[in-house]
Amino acid sequence: MFFYYCDLAWRSIRKTPMLSMLMVLAISIGIGITITTLNVYKTMSYNPAGDRSEVINSVQLWSQGLDTWDDFISNITYMDAMNLRNNTELGLKAATYRTGLAMQSDNLKIEPVLQGVRVTDRDFFRIFSVPFVYGSYWDASVDLRPAYQVVISQKLNLRFFEGKNSVGKTVFLDRKPYQIVGVIDDWNPQPKYYDPLNGAFNDAEEIFIPFSLTGQEEFDVWGNTSGWKFEPMLTYNDRLTSEKVWIQFWTELNSEDEKQSLQGWLTRYVEQQRTIGRFTDTAKIPAEAVQISDIDKWLEDNDVVPKDNKILVGLSLLFLSVCLVNILGLLLTKFLKRAPEVGVRRAIGASREQIFSQYMVEVGMIGFIGGVVGLLWAWGSLTALHSYFAMEQSVTGLDASMWIITPLIAISTAVLAGVYPAWVVCRTKPSVYLKAQ
Amino acid sequence: MLHIKPILSSLMRSKSAPILLLLQIILSVAIVANASFIINERLSLMQRESGYAEDQILTFSVYNFDPAIDNIKQNEVDQLILRALPNVIDASYSNMLPLSGSGWMDRWVDSPNEDTAKSTPGFAFYLGNEHLLNVMGAKLIAGRNFSADEINTNLGDSGMLALVSQPLAKAFWGDESPLGKTMYQGDQTVTVVGVVDKLQGAWIDHENFEYSVIQNIDFGGSSSNKTYMVRALPEHIPALEEAIRKALNAENPNRVLDNFQTLTELKSLTYSNHRLMATVLSIMVVLLLLITALGLTGMVMFNIQRRTKQIGTRRALGANKRDIIQYFMVENYLICIVGGVIGGMLALVLGQQLMSLYSLPMVPMIYPIISVIGLLIVTTLAVIVPAAKAANISPAMATRSV
Amino acid sequence: MSTEFELTVFTSTVLLLSAINTEVLQPIKLRKASMLSMKNISKVFKTDLVETHALRDFNLEVQEGEFVAVTGPSGSGKTTFLNIAGLLEGFTSGEFSLDGVNVSNLSDNNSAKVRNEKIGFIFQGFNLIPDLNLAENVEVPLRYRGMKASERKRRVESALEQVGLGARMKHLPTQLSGGQQQRVAIARALAGEPRFLLADEPTGNLDSLMARQVMELLENINQQGTTIIMVTHDPELARRAQRNIQIVDGQVCDFSMYQQAATGTR
């Protein structure tokens, strides 16, 4: 019976080609726009941490003075970062910021490249589950006593070492020799959740060096530095001893107990810092002057999904509903026009369910075609977004879930639009249309 | 004479179709009003005068990775080389690039006494030498530029001078002239020596976007990573990148030159989200009107087919073609106006939601009104074709049984 | 055939007849079971202002194999009778059995099923589905019966052969003359092998030549055993039926009874 209905639906669609095209156009454009905005929204709001979202936590401190910033700032000061690194109660922990260095190898034929560099501790690799191809992260001692060691990406390894195991080899960063201890596999979480502050969809760094080198190497900060009070910044040491915030701090908390104990430690820390004249905003009690954010909260607080995108999702859903009403009206007129035929079918013995099914199959077919065309629209518009608006590939690539969401939206739209007309038409009284019209 | 009453009662009797049309118009007005408001807002953001000679400025970054390089000296030498290049009007170091989305923000206070001091609003904090103003193409409207011998190389130096943007001067000093005022940054004093007509900062969405300060510090020696701005006529800019690379690499090859961009390109990139929003919403509005119009045409066409006999009867009873067209137009306008009023209210409600959720400004009344008018025009176009076709139905239809 | 009819009158059913007094005049046939039996059927249309009695105390018995012509002036209730007889409409009160089964209070679904399996419809306007070709039109009732494709094909072919249009299966209705279209409609009605045919002015839209052909076809079908009830206003046609019923003001005047009584058996 289903194939019979399909056959009838296809004939009916072909019989009024303009109207059918109009309906397919309406539904496909509505779906195309919705899928486009939804796709961008979905990829932007994706949480790459997955089930580790609650385990991975960052720390924020209310180190600002009275009447300065209204919110917690994502970054913390160097002083606080160093103190947190020395907190032996914590399991995995890593301070991190971004810099840039020119990389070269012994092979002078290969041109130097200026690279974004992540300065961090060894636990960073474990907290964020960074996969290694060769070697591993540096030894724990390096976090305490600086050593010129480096972890590079497989891509750089290919460029400088033809992809061979380069552990133990030397590369030069700003002409300083660093010993390679590990090569990581492709790793580029999107959004870049470990540091979304300067472009949440930028690529991950490909060079990682020990945080402990910061003091002696005085790396430039390629990220936000914010301050709330005037401090002369004449030397790098001024930066390290200032109240300026520029470092992210990450830790792994495996249970509520661990979280509570960190909360307690931080509270005591704030109290202790107040005695030496820091954390001067006494409007905040120490327990409120600390914040532990898991990945969900962190992504939310850092506005990884721009509000424009949320508005677009809302408007495109409204747009889809206009298309839906539009199609509903067209289907209703179309179906009512066929009431005489329905009368005949009913007289001949079709039940209401059979008529209803016949028309729902037709509606479903329009929805299906609309969905397919809509997916094409979405693909086209995402490609356009990528090429004309320099949107990142990671956001404009069609998310796998869209292959499920699109038909779902298409069919539910069509069904919503079709149920009423099909219901009206299946209620046709068989006797009404049988007399010579 | 418009016979509204019979049309109205006929509409009331055939419930579902007019209700659907009404619903569609309500939603359309709500969407179009809000979308066009946002579009207009974004377009006006993009059309703001920046104060810069945008198409004459080429920006780029230099990274001297050789620790042996003396950055202070190198900075001086590089700028001399840049200014000496053919076709270059002027060149200067700048600590930040205008309209780029990243840079320095700072504020001053007007007294050394922390307790009584009044703070200026935050401003974009440009550091540069006496050439910077000329490179930017900004217009000095009062006071003077720095002279070559007044340029400092460090933040801690004494003898700090500043140029302020007119909007900042207005915001802090009102009608009083800021020239000669002494401001404080910690223990340091800064004297305002000039006012620049317009000088936008780096953050296009910041409320203090128009507030800027240029201070007399050539900070290019402070780090190995720095940005330069070079001014040349637009026709000379394309060849400039190659010339700059050649000249600077000849001087010292141990560096990376990167991010060559004109200020126009930089601005366009920074505004790309706004442009994207405006474009997407415009497309949405156009498609929405198109779909509404086509849907309406389709529906009217079907209705006319269904009412062929009725129309024929009307014609036979003496209705002329104009009456028939008028019938459909009035029917359409009735729905449009009712839908428009409800849709307009919905638009305002929706606008209020957006306002509270995303701190957008409130949709002004004019947008729903314009949307309704736009919709009236579109629906007129959509109805007139099938209505004219209906008017051509022969009165003989009345007597024919189809 | 006629001898059978004579023999039918007096048998054990006499008991039944006497029990139901009002139906004494109805012809009861012994071996031919009752095909359609309406007892005291009333149909009232109510609007805010008036009650219209389309049928009132309507009684009719039709036996298997009969060819009954129903006539009556317009507004008499002919159409209402036809709609009720074809289970297209319900009625207000009374009892209605079809092929020995009480169909008084069937659900919409069940009446659709009965229509599909037991009744064949022939309309004045043919009511073929314009998008479907002849074979597909004839196939429609079989589809709703959920019949297998091979069986459908066999039946469609034989039905179209029977009406003489076997060679035109792939034509669309619009490519045919009115008489041909009506023959397709008859084929469609026959394909389901119904217990009886309901024909509503089957020749109303046809010229006299075509009308005669259609009528002959119907007579043929009747002779093969299918009961036919035909609504018409054409006395010429009505006379060709075995039995004439006139509906006046929603009630039956059965002339054939009087005819039979007056002339005796034919």
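What follows looks at one chain–chain contact, one strand pair and one helix crossing in a predicted model.

Start with where chains C and A meet. Chain C puts 25 residues into this contact, and chain A puts in 21 residues. On the chain C side, three helices each bring at least two residues: α3 (78–85), α4 (108–118) and α5 (134–144). The largest share belongs to α4(C), with 6 residues. As for the chemistry of the side of chain C that touches chain A, the residues split into 11 polar, 8 nonpolar and 6 charged.

Chain C also holds a strand pair. Here β1 (residues 34–46) and β2 (residues 51–63) of chain C run antiparallel, paired over 9 bridges. A hairpin of 4 residues takes the chain from β1(C) to β2(C). To pick out one rung of this ladder, C:Lys43 has C:Leu55 of β2(C) as its bridge partner.

Over in chain A, helix α1 (residues 2–15) packs against helix α13 (residues 352–388), with axes that come within 8 Å and cross at roughly 60°. The two helices, α1(A) and α13(A), are therefore oblique to each other, and their crossing is right-handed. From α1(A), the contact draws on A:Phe2, A:Tyr5, A:Cys6, A:Leu8, A:Ala9, A:Trp10, A:Ser12 and A:Ile13. From α13(A) come A:Ser357, A:Gln358, A:Val361, A:Glu362, A:Met365 and A:Ile366. Sorted by type, the residues of this helix–helix contact come out as 10 nonpolar, 3 polar and 1 charged.

Notes. Residues are numbered from 1 along each chain as its sequence is written. Chains are lettered from A and ligands numbered from 1 in the order in which they are written. This is a predicted model: local features need pLDDT of at least 70, side-chain atom pairs count only at pLDDT 80 or more; totals for chains, interfaces and linings use all residues. Two residues are in contact if their C-beta atoms, placed from the backbone, lie within 7 Å. Ala, Val, Leu, Ile, Met, Phe, Trp, Tyr, Cys and Pro count as nonpolar, Asp, Glu, Lys and Arg as charged, and the others, Gly among them, as polar. Two strands pair if DSSP finds at least two bridges between them. Axes are lines fitted to C-alpha atoms, for helices over the stretch in contact, and angles run from 0 to 180 degrees between N-to-C directions. Angles under 35 degrees count as roughly parallel, over 145 as roughly antiparallel, 65 to 115 as roughly perpendicular and the rest as oblique. A crossing is left-handed if the near helix is turned anticlockwise from the far one by less than a right angle, and right-handed if clockwise.
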